[in-house]
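Work through the three exercises below with the model open. Try each task before you read its solution.

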Amino acid sequence: MDNTKLNELHKLERRLRTQQIDRRSFMMGALALGLTVPAASAMVSKAEAATPKKGGVWRQGLTGAGTGDTLDPAQILDSYMINVSFGQLRNCLTEIDSNNQLIPELATGWEASDDASQWVFKIRQGVEFHNGKTLDSTDVVESIRHHLGEDSKSAAKGIISAIEEVKADGKDTVIFNLSGGSADFPYLMSDYHLGICPAKPEGGIDWQSGVGTGGYALKSFDPGVRTVTTRNPNYWKEGAGHFDEIVTLFIADVGARTSALLTGEIDGMQNVDLKTMGRMKKMPNVVAFPTTGNQHITLPMLSKSAPFDNIDLQLALKYAIDREEWLKKILQGYGEIGNDFPIGPANQYRATAEEIPQRQYDADKAKFHLKKAGYDSINLKLSMAATAFEGAVDAGQLYSETAKKAGINIEITREADDGYWSNVWLKKPWCASYWGGRPTEDWMFSQVYASGADWNESQFDNERFMKLLVEGRATLEPTKRREIYVEMQRIVHNECGCVIPMFSAYTQAVSAKIALPENIASNWGFDGEKAGERWWYK
């Protein structure tokens, strides 16, 4: 079949898949193009399987919840509430799609000034909140202001701190004036904290009700236990939001999640036990699959407090970990080794091994830096919990064994999963953490490594780094941006009190009854945490 006929056939297939034509019309068209009956029938079956169907209850078992969870988008801490708030209830101005590309969401487009210090967003018209209110620019302005100001406790404050003014210009336009240029600003508007909520007449937003413009409306919310949402019949996104209802359960124990999936109590789970991933991939009633993006594991130290305020001690701990062993025994190969900076394989300006040589396990170098720090040996405590990352406690034990050879005695403190992110992370001197990564270098650095950022988990404070952060944000020329971001990665690699040993794949499994689209986003688990929008029952 020549290319012209092949293109026509693909057009027919897309029309069938999007229900613009029926099976009979497709068969007639395909046969006219020279396709055989069996081949045409096979294409029909494949297209029909890829056509979303409405209905059913999607029950998902997730980790990363706690009794302190809240519907306030500014206070989202982990994957459970990312999925509920960002993946079900609310939309942002922009979105990372299933191909990991930036696309408009509640905005229809945007333009920047020549120096990228002003951005003008056009707001989508005809969108309704769950309570029937029509979306307009005031809702956007108040939703963004919710994260700004000196008294703000928003976790997004670090990435949008450059906003000096946000204002409405009519019902469909919002203008952002920044303190300096920001080439990546539209990406920042896709952050899961920046979901748009209805504005209150007196100012501020109504986040308490959970009302949003998303594909599902809130039915019940039991923090750290269970959330139920129902399909929004007036959802503005065409071809999205297919389930009648979503039941989101917090199931901390991986064995319990796995059992629930295999017995049919739930239809999908995140964070598959990596030791059983291979077996689950062979099961006929389950589809188990990894997606690889920028998710990474970190071991942050509170580096403004002794003994972690010593850079040589930090380097000793970086050399004392066997990354290859972690990748093999903890991740079972589902990932890649890290090099003590947080920029991942899906980022544009990630440093190469030539630019920053890979740090390897070296007990002698660890001893050398420990001695420079003033210690012949040292006793340290490392707080770990399963919710930090799958296999965290086992990983800690491996680390303890390799560090001993350098005179570093690490006691692994097993912490409770519930409340880990509020009671341990950012509070205990040394703990385990993980990050989904961010689409841009500026975003990752601004939110987690900028001096004073709320989520600066290692208390990193470096004058040169901060100067480069501002410079890189305003630089539009790609070659110069690369030079800046590689230098920033080198500074974190050598001078930040955070061990970053691995980039880990998202591992998930669903019932074979669930239909998955051809492309699945890897910026978060469960298709960018938007499974509720993008998946359906066969």
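Contact here means heavy atoms within 4.5 Å. The model is predicted.

**Exercise 1. Which residues does Trp-430 touch, leaving aside its neighbours within four places in sequence?**

Step 1. Start with the 300s: Trp-430 is in contact with Leu-299, Pro-300, Met-301, Phe-308 and Leu-317, among others.
Step 2. Go further along the chain. The list also holds Leu-380, Lys-381, Leu-382, Ser-383, Tyr-399 and Ile-410.
Step 3. Place Trp-430 in its core. The largest nonpolar core has 113 residues, and Trp-430 is among those with the most contacts inside it, as are Leu-317 and Tyr-399.
Step 4. Look for another core. A second, separate one has 28 residues, including Trp-119 and Val-166.

**Exercise 2. Decide how covered helix α5 is, and what its buried residues pack against.**

Step 1. Take residues 137–145. Seven of the nine are buried, so α5 is mostly covered.
Step 2. Name them: Ser-137, Asp-139, Val-140, Val-141, Glu-142, Ser-143 and Ile-144.
Step 3. Find their partners. They pack against β5 (118–123), β6 (163–168) and β7 (173–178).
Step 4. Check the N-terminal end. Asp-136 caps it, with a side-chain oxygen 2.9 Å from the backbone nitrogen of Thr-138.

**Exercise 3. How do helices α9 and α11 run relative to each other: roughly parallel or roughly antiparallel?**

Step 1. Read the geometry. The axes of α9 (311–319) and α11 (363–372) come within 8 Å and cross at roughly 165°.
Step 2. Apply the cut-off. Angles over 145 degrees count as roughly antiparallel, so α9 is roughly antiparallel to α11.
Step 3. Add the hand: the crossing is left-handed.
Step 4. List the contact. α9 gives Asp-312, Leu-313, Leu-315, Ala-316 and Tyr-319. α11 gives Lys-365, Ala-366, His-369, Leu-370 and Lys-372.

Note on methods
Residues are numbered from 1 along each chain as its sequence is written. This is a predicted model: local features need pLDDT of at least 70, side-chain atom pairs count only at pLDDT 80 or more; totals for chains, interfaces and linings use all residues. Side-chain values use heavy atoms; hydrogens and water are left out. A nonpolar core is a set of buried Ala, Val, Leu, Ile, Met, Phe, Trp, Tyr and Cys residues joined through side-chain atoms within 4.5 Å. Buried means under 20% relative accessible area, exposed over 50%, partly exposed in between (1.4 Å probe, protein chains only). Helices (H or I, at least four residues) and strands (E, at least two) are DSSP runs, numbered from the N terminus. A polar contact is a pair of N or O atoms within 3.5 Å; within protein, one must be able to donate a hydrogen and the other to accept it, and residues adjacent in sequence count only if both atoms are side-chain atoms. Axes are lines fitted to C-alpha atoms, for helices over the stretch in contact, and angles run from 0 to 180 degrees between N-to-C directions. Angles under 35 degrees count as roughly parallel, over 145 as roughly antiparallel, 65 to 115 as roughly perpendicular and the rest as oblique. A crossing is left-handed if the near helix is turned anticlockwise from the far one by less than a right angle, and right-handed if clockwise.
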